[in-house]
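Welcome, and please open your viewer. We will go from stop to stop, selecting a few residues each time and looking at what is there.

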Amino acid sequence: MKILVVEDDERISDAVVEYLSDSHYAVEAVYDGQSAWELLEVFNYDMILLDVMMPNMDGMTLCRKLRKKGLNIPILMLTGKDTLNDKIEGLDAGADDYLIKPFELEELSARIRALLRRGASTTAPILTWGNLSLDPSTCEVFYGEKSLPLSPKEYKLLEFFLRNGRRVFSRAQILEHLWSFEQVPEEATVKAHIRGLRQKLEASGAPSDIIETVYGLGYRLKEKPE
C-alpha cells in the first residue's frame, strides 16, 4: 500500500512517515498542496493523509480538486480545526475521515486500516494463495501454521502480488508502487528482493515460484493450485 502524506509541519510529517514505514507501508511526503497536486497527476497512491492549513494550496481546496477530477482514493484529513462546522466542511469537500491534532499514531494507523478496508470491500481481510496467508491488519504471513519472517520490502512485494491477482508488472511498475519517488533504486533491486522472498518461501515449505517470471515482461502471481 502506497500512502501520500501532505503535511506542512515537518515534525509531524517525519513522525507519521517513520511510523507508517515501520508498519510496512510505502510512504511519500510533501509539505504543501500544490506539490501534492503535481505528484498526484503523475503517480498512483492508495491513500492520502491531508493537512488542512498549508501553503500554496490548502487541504480543502486540494480535496475538492481531486474529487472533481474523479480521484476516488481514500482521503484522511489531519487538522487542528475541531469545530463541528470544520468537520462538516472537510467531509463535504470529499474527505472520507477527519482526525484532530494532536493524535496518537496508533489511532491514525487504525483509521488507515479502516479506510483501506472500506475502499477495498471486495478484497478479503486475509489474503491467501493455497496454504499461504497474509493478514494486512497484523502484517503477519504464514504458510500453514509456520510464520514467515519477511523484511518490510519482501512483505510489501508479497502483499502487492496477492492483491493484484494474475496481473503482470514490470520492474519499473513495481518500483513505482512500492518505493517512494525520492528513493527509487535501480531495477535490479526488484530482482534481488524477489529472489530473497522466493528463498524464504521455499525455506518455509511453500513453492518458491508463487511469484513467477514472465520473461520479457516482468512478474506475476502464479495461478492458485486446485
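How many of the 5 residues of strand E4 (residues 75-79) are buried? Select the strand and take a look, keeping in mind that this is a predicted model.

**Stop 1: strand E4**

The count is 5 of 5, so strand E4 is largely enclosed by the rest of the structure. Now show the side chains. In a regular strand, side chains alternate between the two faces of the sheet. In E4, one side carries Ile75, Met77 and Thr79, while Leu76 and Leu78 sit on the other, and all of them are buried. Both faces of the strand are therefore covered, as residues on each side fall under the 20% relative accessible area that marks a buried residue.

**Stop 2: the neighbours of E4**

Add strand E3 (residues 47-51) to your selection. E3 and E4 run parallel and are joined by 4 bridges. For one pairing, pick aspartate 51, whose bridge partner in E4 is leucine 78. To get from E3 to E4, follow the chain through helix H3 (residues 59-69); this β-α-β crossover is right-handed.

Next, add strand E5 (residues 97-100). E5 is also parallel to E4, and 4 bridges join the two. Leucine 78 turns up again here, standing opposite leucine 99 in E5. The path from E4 to E5 leads through helix H4 (residues 84-93), and this β-α-β crossover is right-handed too.

**Stop 3: a link between two helices**

Keep H3 and H4 on screen and select arginine 64 and glutamate 89. They form a salt bridge, with 3.5 Å between the closest N and O atoms. Arginine 64 belongs to H3 and glutamate 89 to H4, so the pair ties together parts that lie 25 residues apart in sequence. Are these two residues buried, exposed or partly exposed? Arginine 64 is partly exposed at 40% relative accessibility, and glutamate 89 is partly exposed at 31%.

**Stop 4: helix H6**

Move on to helix H6 (residues 152-163). Its 12 residues reach 16 Å from the first C-alpha to the last, close to the 16 Å expected at 1.5 Å a residue. Of these 12 residues, 10 are buried, so H6 is largely enclosed by the rest of the structure. Among the buried ones you can click on Tyr155, Leu158, Phe160 and Phe161, and also on the charged pair Lys153 and Glu154. Just after the helix, stop at glycine 165, which takes a positive phi of about 55°.

Stay with glutamate 154 and add lysine 200. Their side chains meet in a salt bridge of 2.8 Å, N to O. The two come from distant parts of the chain, with lysine 200 in helix H8 (residues 188-203) and glutamate 154 in H6, 46 residues apart. Glutamate 154 is buried, with a relative accessible area of 8%, whereas lysine 200 counts as partly exposed at 30%.

**Stop 5: more salt bridges**

How many salt bridges does a search of the whole structure find? The total is 13. Another one to select joins glutamate 212 and arginine 220, whose closest N and O atoms are 2.7 Å apart. Glutamate 212 counts as buried at 18% relative accessibility, while arginine 220 is partly exposed at 25%.

For the last view, select Glu7, Asp51 and Lys101, which are linked in a network of salt bridges. You have met Asp51 before, as the bridge partner of leucine 78 in E4.

How values were computed
Residues are numbered from 1 along each chain as its sequence is written. This is a predicted model: local features need pLDDT of at least 70, side-chain atom pairs count only at pLDDT 80 or more; totals for chains, interfaces and linings use all residues. Side-chain values use heavy atoms; hydrogens and water are left out. The expected span of a helix is 1.5 Å times one less than its number of residues. Buried means under 20% relative accessible area, exposed over 50%, partly exposed in between (1.4 Å probe, protein chains only). Two strands pair if DSSP finds at least two bridges between them. A crossover is right-handed if, with the strands pointing away from the viewer, the path from the first strand over the helix to the second runs clockwise. A salt bridge is a side-chain nitrogen of Lys or Arg within 4 Å of a carboxyl oxygen of Asp or Glu.
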